[in-house]
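Let's walk through this one together, question by question. Keep the viewer open as we go.

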Amino acid sequence: MSKERYIAAKQKWAEKQKAQGVTPRLTAATDRLPPGQKLTTGFPVLDLGVQPAVPLTEWTLTLDGLVTQPVTLDWAAFGALPQVTDVSDFHCVTTWSKYDCRWSGVAFTTLFELVQPPPEARYVYFTGYDGYSTNVPLEHCLDDDVLIATHFDGAPVSREHGGPARVIIPKLYAWKGAKFVKTVTFLAEDRLGFWEVRGYHNIGDPWKEERYA
Ligand SMILES: Nc1nc2c(c(=O)[nH]1)N[C@H]1C(S)=C(S)[C@@H](COP(=O)(O)O)O[C@H]1N2
Ligand SMILES: [Mo]
C-alpha cells in the first residue's frame, strides 16, 4: 500500500525534475489561497523562542523506529543522496500563506526507501534540535512534494527558518514541518507532537481548515 504510494510519488518527482525551472505555478490566486488565509509577501518566523545553532560538523539526521534499517546520516551522507527542488505554497495556521517557496533537499520518499519501513508503519514522528516535535500520518509524508530541505531559493536555509535542514509538507499547515529536524521516527501507533498535545489538529489540512482538534 505505502509502497505503491511511494513509487507513484517518485515517478511524479522524476517528471517534475524534468520540467524544473520551466513552469512556475500559474494557478489563479483564488484557487490557491485556502479558506481563512491571508497572503504575505514576507516570510514570518515562528519558533519556540529557540533557534538552535547546529554546526554542520555536528549535524545528523536519524531515521529510526519501525524500520528495517535504522540510519544516522551526517551532513555529507545527506548531501550525497539524490537532491530535488520543488516550488510550493506555505500555509501557517496563524492565517498567513506564502506562495512559491522554492525548496531543495532530499525527497521524503528517498529517505523512506533508505530505511524500508514495513507495512505496519503508518505514522511519522519528527523532532527538531530545539525540542519541537510533530506527528504526520505516513501517507501524507509520501506525497510527491514532501522533502527535507537544506536550501531555500538556492541558498542554505537560514537558522531562523530552520536550518541546517527542515521538513516541508506543502499540503498540510506549516507546523507539521519540523525546522531544525533531527529525527524521523516511523511508528505503528500515532504519537502526538508538541502542538498536537496542545489541541492542534492531528492532520492539519489547510483546505479543510483543520486548525484545532
Ligand atoms: N523545530 C521547530 N519546527 C517548527 C516550529 C518550531 O517552533 N520549531 N514551528 C512550526 C510552525 S508553527 C510554523 S508556522 C513553521 C514556521 O516556519 P518559518 O519560521 O520558517 O516561517 O515552522 C514549524 N516548524
Ligand atoms: Mo505555525
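**The ligand and its surroundings**

In this predicted model, ligand 1 sits in the second largest pocket.

Q: How many residues surround ligand 1, and how many of that shell are charged?
A: The shell around ligand 1 holds 19 residues, with Pro 44, Asp 130, His 161, Arg 166 and Lys 179 the closest. By type, the shell divides into 13 nonpolar and two polar residues, and the charged ones number four.

Q: At what distance does a polar side-chain atom of Lys 179 lie from an oxygen atom of ligand 1?
A: Pro 44 offers a polar backbone atom 2.7 Å from a ligand 1 oxygen. From His 161 comes a polar side-chain atom, 2.6 Å from an oxygen of ligand 1. For the side chain of Lys 179, the distance from a polar atom to a ligand oxygen is 2.5 Å.

Q: What share of the accessible area of ligand 1 does the protein cover?
A: On its own, ligand 1 has 530 Å² of accessible area. Of this, the protein covers 98%.

Q: Is Thr 95 buried, partly exposed or exposed?
A: Thr 95 is not a glycine, yet its phi is positive, about 85°. It lies in the loop between strand S4 (84–91) and strand S5 (96–107). Its relative accessible area is 24%, and buried would need under 20%. Therefore Thr 95 counts as partly exposed.

Q: Which residue does a cis peptide bond join to Gly 163?
A: The omega of this bond is about 5°. The partner is in the loop between strand S9 (155–156) and strand S10 (166–168). That partner is Pro 164.

Definitions and conventions
Residues are numbered from 1 along each chain as its sequence is written. Chains are lettered from A and ligands numbered from 1 in the order in which they are written. This is a predicted model: local features need pLDDT of at least 70, side-chain atom pairs count only at pLDDT 80 or more; totals for chains, interfaces and linings use all residues. Side-chain values use heavy atoms; hydrogens and water are left out. Helices (H or I, at least four residues) and strands (E, at least two) are DSSP runs, numbered from the N terminus. Buried means under 20% relative accessible area, exposed over 50%, partly exposed in between (1.4 Å probe, protein chains only). A residue is near a molecule or strand if one of its heavy atoms lies within 4 Å of it. A polar contact is a pair of N or O atoms within 3.5 Å; within protein, one must be able to donate a hydrogen and the other to accept it, and residues adjacent in sequence count only if both atoms are side-chain atoms. Accessible areas come from the Shrake-Rupley method with a 1.4 Å probe; for residues, only the protein chains shown count as cover. On a 1 Å grid over the protein atoms alone, a cavity is a set of points where a 1.4 Å probe fits but cannot get out, and a pocket is an open set with protein on both sides within 12 Å along at least five of seven lines; lining residues have an atom within 4 Å of a point. A molecule sits in a cavity or pocket if more than half of its atoms lie within 2 Å of its grid points. Ala, Val, Leu, Ile, Met, Phe, Trp, Tyr, Cys and Pro count as nonpolar, Asp, Glu, Lys and Arg as charged, and the others, Gly among them, as polar.
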